[in-house]
Amino acid sequence: MIDSYLTSSVGISKDFLSVLLCGHLTQNLHQLYNGGQLLFAGTGNNKVVNFDTLLRSDKIYWLDRLHNDPHENAFFDLVDLFVAYLNRTCYAGITGYEFHYALYETGCFYGRHLDSFKHNGNRAFSMIMYLNKDWVKADGGELRIYQPGNLQDIEPQNGKSVFFKSTELEHEVLKTNKPRMSITGWLKTD
Ligand SMILES: O=C(O)CCC(=O)C(=O)O
Ligand SMILES: [Fe+2]
């Protein structure tokens, strides 16, 4: 993931999460969704909310070690290893992170945006991991990344992870034709 990030500014790994862990996390996400625990991403915030609800229609739930969920914790263990490696080899200076599950219902999208705004200024890197078995092109829901003179469309296939600088790359999620699941997060600096 880091190699491809260094060559093209967009890191992609096909198997950052194992198939087994993807299965468990997908199950968690289904349970949270069926239990009504996923909430519209803008809900309950400050004035940023109005802007967000026009732009995005995904539902989210924040992961937390305090949930004591073995699979969420296995996920965080993996992120800890990745962050330690990134800090050691690239002097990235990451001191924290935040991750949420996301579910885009059929017809949902997330318009073109940058992840790092004033209100979440210390987001350094964006990471997205997809939890969608048997995703095909007709399902839509690509992550579209804008680089100067170049559009990159990434299909949200199971286990695939994407990594890029939050302050630099604008991106959007194209309309999905079936429910689309992921874990999205940010590596942060002080
Ligand atoms: O799910 C994706 O592919 C991207 C999500 C995203 O851009 C975000 O949550 O900020
Ligand atoms: Fe984003």
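**Two sheets, a core and a ligand site**

I128 stands opposite T184, a residue of strand 11. This pair is a useful place to enter the structure, which is a predicted model. Strand 6 (123–130) and strand 11 (180–188) run antiparallel to each other and pair over seven bridges. In general, the strands of a sheet are held together by backbone hydrogen bonds, in a parallel or an antiparallel arrangement.

Strand 11 has a second partner in strand 4 (96–104). Strand 4 and strand 11 are also antiparallel, and nine bridges connect them. At one of these positions Y101 has I183 of strand 11 as its bridge partner. Eight of the nine residues of strand 11 are buried, so this strand is largely enclosed by the rest of the structure.

The wider setting is an open sheet of seven strands with antiparallel pairing, and its order is 1-9-6-11-4-3-2. Its edges are strand 1 (11–13) and strand 2 (39–40); each has a single partner strand, so one side of each has no neighbour in the sheet. Helix 2 packs on this sheet and touches strand 3, strand 4 and strand 11. The direction of helix 2 makes about 65° with that of strand 4. Strand 3 (residues 59–62) runs antiparallel to strand 4 and is joined to it by four bridges. Within this pairing, W62 has H100 of strand 4 as its bridge partner.

Next comes the nonpolar core. Which residues have the most contacts inside the largest nonpolar core? They are Y101, F125, M129 and L131, in a core of 33 residues. Several elements each supply at least two residues of this core, among them helix 2 (19–34), helix 4 (70–90), strand 9 (161–165) and strand 11. Strand 6 gives the most, with six residues. M129 shows what such contacts look like: leaving aside residues up to four places away in sequence, M129 touches F16, L17, S161, S182 and I183.

A second open sheet has four strands in the order 5-10-7-8, and here too the pairing is antiparallel. Strand 5 (110–113) and strand 8 (150–154) are at the edges with a single partner strand each, so one side of each is left without a neighbour in the sheet. From one strand to the next, the twist averages 15°. Strand 7 (residues 143–147) pairs with strand 8 in the antiparallel sense over five bridges, and R144 stands opposite D153 in strand 8. Two residues lie between the strands of this hairpin, in which G149 takes a positive phi near 70°. Is strand 8 largely enclosed or largely in the open? The number of buried residues among its five is zero, so strand 8 lies largely in the open.

The last stop is ligand 1. The residues around ligand 1 are A102, Y110, D115, I128, L143, H171, V173, S182 and T184. I128 and T184, the opposed pair from the start, are both in this list. S182, one of the residues that M129 touches, is also around the ligand. Strand 10 (170–173) and strand 11 each supply at least two residues of the shell. Strand 10 belongs to the sheet of four strands, while strand 11 belongs to the sheet of seven. Sorted by class, the shell has five nonpolar, three polar and one charged residues.

Definitions and conventions:
Residues numbered from 1 in each chain as written. Chains lettered and ligands numbered in written order. Predicted model: local features only at pLDDT ≥ 70, side-chain atom pairs only at ≥ 80, totals over all residues. Near = placed C-beta within 6 Å. Nonpolar A, V, L, I, M, F, W, Y, C, P; charged D, E, K, R; others polar. Pairing = 2+ DSSP bridges. Axes fitted to C-alpha atoms, helices over the stretch in contact; angles between N-to-C directions. Core = buried A, V, L, I, M, F, W, Y, C linked by C-beta atoms within 7 Å. Buried ≥ 20, exposed ≤ 12 C-beta atoms within 10 Å, placed from the backbone. Contact = placed C-beta atoms within 7 Å.
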